[in-house]
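Subject: Handing over a structure

Hello,

I am passing a structure on to you, and I hope you enjoy looking through it. Please open it first, then read on for what was found.

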Amino acid sequence: MERSSISVLLLCDDNHSHANTVLDHINAFRNLSRYRVYKYNPRNVPHNSLLSLKEFDVVVIHYSLPI
């Protein structure tokens, strides 16, 4: 399947200690999407100044990140 030019930023906590169903759901975004999906785990990162949201068409906040 050819990837679309749309880029998606998936903000998620992909820590290996999560249940497999959570990790499977996170990985499904990349494996099953027709879009270019980039995972980013913002947990335990004091400053995200290098992350530019302007480079993405869509930002998805996964439920694995607590509010």
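A good place to begin is serine 7, whose bridge partner in strand 2 is arginine 36. Please keep in mind that this is a predicted model.

Another bridge links leucine 10 to lysine 39 in strand 2. Taken as a whole, strand 1 covers residues 7-11 and strand 2 covers residues 36-40, and the two pair in the parallel sense over five bridges. As background, strands of a sheet pair through backbone hydrogen bonds, either parallel or antiparallel.

Now for the whole sheet. Three strands make up an open sheet with parallel pairing, and their order is 2-1-3. Strand 2 and strand 3 are at the edges with a single partner strand each, so each has one side left without a neighbour in the sheet. On average, neighbouring strands of this sheet are turned by 25 degrees against each other, direction ignored.

Next, have a look at helix 1, which spans residues 20-32. Together with strand 1 and strand 2, helix 1 makes a right-handed β-α-β unit. Helix 1 lies across strand 1, strand 2 and strand 3, and runs at about 150 degrees to strand 2.

How many aromatic pairs does a search of the whole structure find? The search finds one. The partners are tyrosine 38 and phenylalanine 56, in an edge-to-face pair with 5.8 Å centre to centre and 65 degrees between the planes. This pair links distant parts of the chain, 18 residues apart: tyrosine 38 belongs to strand 2, while phenylalanine 56 sits in the loop between strand 2 and strand 3 (58-61).

Is phenylalanine 56 buried or exposed? Phenylalanine 56 counts as buried, because its relative accessibility is 17% and the cut-off for buried is under 20%. Tyrosine 38, with 38% relative accessibility, counts as partly exposed.

One last residue to visit is valine 45, which is also found in the loop between strand 2 and strand 3. At 30% relative accessibility, valine 45 counts as partly exposed. If you compare positions along the chain with positions in space, try valine 45 and tyrosine 35: they are 10 residues apart along the chain, and their C-alpha atoms are separated by 26 Å.

Happy exploring, and do write back with any questions.

Best wishes

Terms used:
Residues are numbered from 1 along each chain as its sequence is written. This is a predicted model: local features need pLDDT of at least 70, side-chain atom pairs count only at pLDDT 80 or more; totals for chains, interfaces and linings use all residues. Side-chain values use heavy atoms; hydrogens and water are left out. Two strands pair if DSSP finds at least two bridges between them. Helices (H or I, at least four residues) and strands (E, at least two) are DSSP runs, numbered from the N terminus. A crossover is right-handed if, with the strands pointing away from the viewer, the path from the first strand over the helix to the second runs clockwise. Rings of Phe, Tyr and Trp (its six-membered ring) pair if their centres lie within 6.5 Å; planes under 30 degrees apart count as stacked, over 60 as edge-to-face and the rest as tilted. Buried means under 20% relative accessible area, exposed over 50%, partly exposed in between (1.4 Å probe, protein chains only). Axes are lines fitted to C-alpha atoms, for helices over the stretch in contact, and angles run from 0 to 180 degrees between N-to-C directions. Contact means heavy atoms within 4.5 Å.
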